[in-house]
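Student: Let's go through this structure together. Keep it plain, please.

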Amino acid sequence: MAYSEALAETMRADLGVEPGLSEKRMFGGLCFLLHGNMVCGVTRDGAMYRPGKAREGAALELGAAPLSFTGRPMGGMVELDAGAFEDDALRAKLTEFSLAHAAGLPPKG
């Protein structure tokens, strides 16, 4: 599955310049990592965020949906469809949650 370059550009702008930030093709899309830990990513028609289990409930209350590639929710991860991705405030909060979660993990590699 190809990812949307337009969504990726928006996500890059949301993330800004963060030391230790990198990009990697994963899950059939493009993921953004902080010191090797996944923060968020884009697919063909939406986005995924990793706020962690501690902030997952807050992310869902804001309007995100549980991330489920196989019909089974992936704990600590949420997704936005293309319509919800247009909400700047929602994206900003999910980005904040996800960067904080990744920053609290030990660096990989």
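Student: Is Cys-31 buried or exposed?
Tutor: Cys-31 is buried, as its relative accessible area is 0%. Buried means under 20% relative accessible area, exposed means over 50%, and partly exposed is in between, using a 1.4 Å probe and protein chains only.

Student: Where do these values come from?
Tutor: This is a predicted model, with residues numbered from 1 along each chain as its sequence is written. Local features need pLDDT of at least 70 and side-chain atom pairs count only at pLDDT 80 or more, while totals for chains, interfaces and linings use all residues; side-chain values use heavy atoms, leaving out hydrogens and water.

Student: OK. How many disulfides are there?
Tutor: Zero, after a search of the whole structure. The nearest cysteine sulfur to that of Cys-31 belongs to Cys-40 and is 8.1 Å away, and Cys-31 is in no disulfide. A disulfide is a pair of cysteine sulfur atoms within 2.5 Å.

Student: And why does Cys-40 have no bond to Cys-31?
Tutor: Because its sulfur is 8.1 Å from that of Cys-31, the closest cysteine sulfur, which is too far for a bond. Cys-40 also counts as buried, at 0% relative accessibility.

Student: Switching to the sheet. What is the strand order?
Tutor: The sheet is open, with six strands in the order β1-β2-β3-β4-β6-β5 and antiparallel pairing. Strands here are DSSP runs of E with at least two residues, helices are runs of H or I with at least four, and both are numbered from the N terminus. Two strands pair if DSSP finds at least two bridges between them.

Student: Which strands stand at the edges?
Tutor: β1 (21-26) and β5 (65-66). Each has a single partner strand, so one side of each has no neighbour in the sheet.

Student: How many bridges join β1 to β2?
Tutor: Six, and the two strands run antiparallel. Within that pairing, Glu-23 has Phe-32 in β2 as its bridge partner.

Student: Which helices pack on the sheet?
Tutor: α1 is one of them, touching β1, β2, β3 and β4, and its direction makes about 140 degrees with that of β3. α4 packs on the sheet too, touching β2, β3, β4 and β6, at about 155 degrees to the direction of β3. The axes are lines fitted to C-alpha atoms, for helices over the stretch in contact, and angles run from 0 to 180 degrees between N-to-C directions. Contact means heavy atoms within 4.5 Å.

Student: β3 keeps coming up. How many of its residues are buried?
Tutor: Six of its six residues, so "mostly covered" fits β3 under the cut-off of under 20%. β3 pairs antiparallel with β2 over five bridges, and three bridges join β3 to β4, also antiparallel.

Student: What happens at the turn between β2 and β3?
Tutor: That hairpin has two residues between the strands, and His-35 takes a positive phi near 50 degrees there. His-35 has this positive phi although it is not a glycine. At 40% relative accessibility, His-35 counts as partly exposed.

Student: How many residues sit between β3 and β4?
Tutor: Three, and the two strands form a hairpin. Across it, Val-42 has Ala-47 in β4 as its bridge partner.

Student: Which way do the β4 side chains point?
Tutor: Gly-46 and Met-48 point one way, Ala-47 and Tyr-49 the other, and all are buried. In a regular strand the side chains alternate between the two faces of the sheet. β4 also pairs with β6 over four antiparallel bridges, where Met-48 stands opposite Glu-79.

Student: Now the core. Which residues touch the most other members?
Tutor: In the largest nonpolar core, which has 23 residues, they are Met-11, Val-42, Tyr-49 and Leu-94. The elements that give two or more residues are α1 (5-15), β2 (29-34), β3 (37-42), β4 (46-49), β6 (78-81) and α4 (88-103). α4 gives the most, with five. A nonpolar core is a set of buried Ala, Val, Leu, Ile, Met, Phe, Trp, Tyr and Cys residues joined through side-chain atoms within 4.5 Å.

Student: What does Leu-94 touch?
Tutor: Not counting residues up to four places away in sequence, Leu-94 touches Tyr-49, Ala-59, Ala-64, Val-78 and Leu-80. There is also a second, separate core of five residues, including Cys-31, Met-38, Met-48 and Met-77.
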